[in-house]
Amino acid sequence: MATQDSVVDEAITASGESTWERATAKAKDKFDELVNVSLIIAVTGKTGAGKSSFINALRGLRKDEDGAAPTGVTETTTEPTMYEHPGMPNVKIWDLPGIGSPNFKAKKYLKDVKFNTYDFFIILNSERFMENDVMLAKEIRKCKKSFYFVRSKIDNDIFAEQRGNEGLDKLKVLAKIREDCQKNLKKLGNPKVFLISSIFLDKYDFEILQTTLAEELPEHKRSALLQAWPVCSAECLEKKIKMFKGLIWAVSLASAGIAAVPLPGLSTTCDASMILIFFTRCYYAFGLDDRSLKRLTEKVNKPLLECRDKSKFAAAIRNKTMTTIQTSAMFISVSVAEELLSLIPVVGSAVAAGLSFASTQLFLRKGLNELAETARAIRK
């Protein structure tokens with residue numbers, strides 16, 4: 001994996017233009033991964049297992065919100081239905097028809113739902129996994145795709161066990177459920193089963209599921225997963241912050257490559273565009289958008305929107321006025337210097353690129369730190 005130091009050092013110590021261009025190309029590729037790499041998730045399982053609720057939870061939506069997947073005890077999905085992530089349009093979650101039919105044919109099912117479309121499958125059940133689940137997993141494995149067993153509605157099981165039993169050992173109940181689920185999956189080599197609640201994302205195995213998916217996805221797909229995954233814990237938030245910090249070099253170096261092009265005004269315009277995209281992705285990934293905070297406000301009964309709006313960066317992103325922050329006296333002077341230097345052949349272009357890299361990196365660090373601290377304060 002390319003690191004900030006390795007790529008930047010390559011660019012700075014390079015004597016030839018082609019090496020600089022290669023370094024800048026790497027940076028642009030990393031930025032492109034942040035913005036454009038797709039992630040296609042398939043969710044399938046028995047009717048009534050909670051597929052729609054799980055999809056809504058991944059998308060940060062309540063069941064009564066516009067665009068939410070319809071929920072119900074009867075099968076609401078008869079054809080594969082795609083749901084776009086509201087803050088990450090390149091992440092799409094497909095709700096596939098139920099697999100509870102006694103005449104279920106796994107091979108035909110995968111052909112009908114166009115299995116090659118998806119990066120991986122979530123096989124969901126709110127009870128024990130049955131023969132249809134095993135048959136489907138075997139066929140998915142033959143197709144060389146990944147699958148994950150998710151046991152849903154764990155909160156209902158805990159609630160039922162707690163009735164008349166105040167001293168309930170929840171860990172023992174969870175261990176029993178997990179063991180019961182795995183009994184019927186031994187034909188598959190005892191795969192992991194993730195116990196989750198689509199209501200209480202901060203409990204049970206929701207975070208472990210995210211960690212497992214991130215570890216097993218191709219590297220270029222991980223940023224899409226991390227950005228889209230709901231902030232269900234402090235640990236999840238820190239993973240997101242770390243990921244964005246690791247991308248600052250790419251935005252800065254891509255900006256530096258633009259600054260080396262002798263076209264007045266180009267660097268300032270592209271800097272603003274790249275920076276706004278970067279911060280907007282941080283804003284949604286950290287759960288600072290109105291929809292996420294309104295949902296959390298209702299849960300904890302605290303004025304979280306007011307806390308968010310104390311951040312000038314968050315307010316600028318919300319109001320789409322990032323350029324008003326960017327055009328501070330420091331940034332204007334650096335941008336003007338870039339344009340003048342870029343008109344001087346060779347040496348001027350190199351210095352302009354260095355100025356652009358340094359100024360953009362400084363600005364991105366400042367903004368990211370402020371957004372991160374705002375999100376941490378809200379999570380407390």
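Here is a quick look at the cores and the charged side chains of this predicted model.

Residues are numbered from 1 along each chain as its sequence is written. Local features need pLDDT of at least 70 and side-chain atom pairs count only at pLDDT 80 or more, while totals for chains, interfaces and linings use all residues, and side-chain values use heavy atoms, with hydrogens and water left out.

Let's start inside. The largest nonpolar core (buried Ala, Val, Leu, Ile, Met, Phe, Trp, Tyr and Cys residues joined through side-chain atoms within 4.5 Å) holds 40 residues, and Phe244, Phe278, Phe279, Phe286 and Leu371 touch the most other members. Elements giving it two or more residues include α10 (234-245), α12 (266-285) and α18 (347-379); helices are DSSP runs of H or I, at least four residues, and strands are runs of E, at least two, numbered from the N terminus. Another core, of 31 residues, lies apart from it, with Val91 and Phe120 among them.

Now the charges. The whole structure has 18 salt bridges, meaning a side-chain nitrogen of Lys or Arg within 4 Å of a carboxyl oxygen of Asp or Glu. Here are some of them:

| Pair | N to O distance |
|---|---|
| Asp112 and Lys108 | 2.8 Å |
| Asp157 and Arg151 | 3.0 Å |
| Arg376 and Glu238 | 2.8 Å |

Arg376 in α18 and Glu238 in α10 are 138 residues apart, so that pair links distant parts of the chain. Asp112 and Lys108, by contrast, both sit in α4, 4 residues apart.

How exposed are they? Buried means under 20% relative accessible area, exposed over 50%, and partly exposed in between (1.4 Å probe, protein chains only). Arg151 is buried at 6%, whereas Asp157 is partly exposed at 23%.
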